[in-house]
Amino acid sequence: MHFYITGDTHKKFDRVETFCQDHHTTPDDVMIILGDSGINYWLSPKDEKLKERVNRIPVTFFCIHGNHEGRPWESPADYKLVPWYGGLVYKEEKYPNILFAKDGEIYDFNGKSVMPIGGAGTINKDYRISHGLQWFALEQPDDTIKEFVEQQLEKEGWSIDIILSHTVPIEAEPTWAFIPGLNQRIVDKSTEKWLQEIYDNLEISEWYAGHYHVDSEENGIRIMFEDYDEICEELN
């Protein structure tokens, strides 16, 4: 089995489907989406068509929470928390190949400890709200999630092999990729600032993030969009 990883899909899975065909994946393999999969975008039966299509792709999707999608518990779908690789995930029985990470859980991928920390602030939040576009009040981790993440890290002695996030610690932001003319001072960077506190205290081997629609690496943090990689390879 393999653990593959890629960036945001925003409801568009053609490239992932092609990758899975080329690599002959099966549902025993895992494709990590670093947020904004778009699968719980409408939080209504309108999501069903995409779920049906994604569930047919021969791989198991492990989705980190992004800022352009709802939390599983906000959906009318029948999500349940179930055990998976040493942690808990949100899963619908009728779509067994689509799993959503629970922030702060610690998963065991071939002996590596892996923690998801999803969420981010939306840069054009006010525009989206004023124009009737989808915006999600729970896009960023709340105090309950933050407290759980920190408690879990404390238990591990602030040592985790791999962090999977949507956004990045604020000092690792790819400022060169920011939208020109957008006033970043009005963007809520509370999650990025909190992640910086975690980064400054954490002993890690790898950190992967999405969100910025670029493929780059800064400060030891790999930001992914349409690139792919394999992590946690089995030791022979």
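# Aromatic pairs, strands and cysteines

Me: Is Y107 buried or exposed, and what is its relative accessible area?
Reply: In this predicted model, burial requires a relative accessible area under 20%. Y107 meets that limit and is buried, with a relative accessible area of 1%.

Me: How many aromatic pairs does a search of the whole structure find, and what is the geometry of the pair formed by W84 and Y107?
Reply: The search of the whole structure returns 18 aromatic pairs. For W84 and Y107, the ring centres are 5.9 Å apart and the planes make an angle of 65°. An angle over 60 degrees is the criterion for one class, so the geometry of W84 and Y107 is edge-to-face.

Me: How many residues apart in sequence are the parts that the pair of W84 and Y107 ties together?
Reply: W84 belongs to strand β4 (residues 79-84), whereas Y107 belongs to strand β7 (residues 107-109). W84 is itself buried, at 14% relative accessibility. The pair therefore ties together parts whose separation in sequence is 23 residues.

Me: Which class describes the pair of Y199 and W207, and which term describes the accessibility of Y199?
Reply: The ring centres of Y199 and W207 lie 5.9 Å apart with their planes at 65°, so this pair is edge-to-face. W207 is buried at 1% relative accessibility. Y199, at 27% relative accessibility, counts as partly exposed.

Me: Which residues form one aromatic cluster with W84 and Y107?
Reply: W84 and Y107 belong to one aromatic cluster. The other members are F3, F62, Y85 and F109.

Me: Over the face of which ring does K46 lie, and over which does K102 lie?
Reply: K46 is placed at 3.6 Å from the ring centre of W42, over its face. For K102, the distance to the ring centre is 4.0 Å, and the ring beneath is that of F148.

Me: Which strands stand at the edges of the open sheet of six strands?
Reply: The strand order is β7-β8-β9-β10-β12-β11, with mixed pairing. Neighbouring strands of this sheet are turned by 25° against each other on average, direction ignored. Two strands have a single partner strand each, so one side of each is left without a neighbour in the sheet: these are β7 and β11 (216-218).

Me: How many bridges join β8 to β9, and which residue in β9 stands opposite P116?
Reply: Strand β8 (residues 112-117) runs parallel to strand β9 (residues 159-165), and four bridges join them. Opposite P116, the residue in β9 is L164.

Me: In which sense do β4 and β5 pair, and which residue of their hairpin takes a positive phi?
Reply: β4 and strand β5 (residues 87-92) pair over six bridges in the antiparallel sense. K80 has its bridge partner in β5, namely K91. The hairpin has two residues between the strands, and the residue with a positive phi, near 50°, is Y85.

Me: Why do C63 and C232 form no bond with their closest cysteine sulfur, and how many disulfides does the structure hold?
Reply: A disulfide requires sulfur atoms within 2.5 Å. The sulfur of C63, a buried residue at 1% relative accessible area, is 12 Å from the closest cysteine sulfur, in C20, which is too far for a bond. C232 is also buried, at 5% relative accessibility, and its sulfur is 17 Å from the closest cysteine sulfur, in C63, again too far for a bond. The number of disulfides in the structure is zero.

Definitions and conventions
Residues are numbered from 1 along each chain as its sequence is written. This is a predicted model: local features need pLDDT of at least 70, side-chain atom pairs count only at pLDDT 80 or more; totals for chains, interfaces and linings use all residues. Side-chain values use heavy atoms; hydrogens and water are left out. Rings of Phe, Tyr and Trp (its six-membered ring) pair if their centres lie within 6.5 Å; planes under 30 degrees apart count as stacked, over 60 as edge-to-face and the rest as tilted. Buried means under 20% relative accessible area, exposed over 50%, partly exposed in between (1.4 Å probe, protein chains only). A charge sits over a ring if NZ of Lys or CZ of Arg is within 6 Å of the ring centre and within 35 degrees of the ring normal. Two strands pair if DSSP finds at least two bridges between them. Axes are lines fitted to C-alpha atoms, for helices over the stretch in contact, and angles run from 0 to 180 degrees between N-to-C directions.
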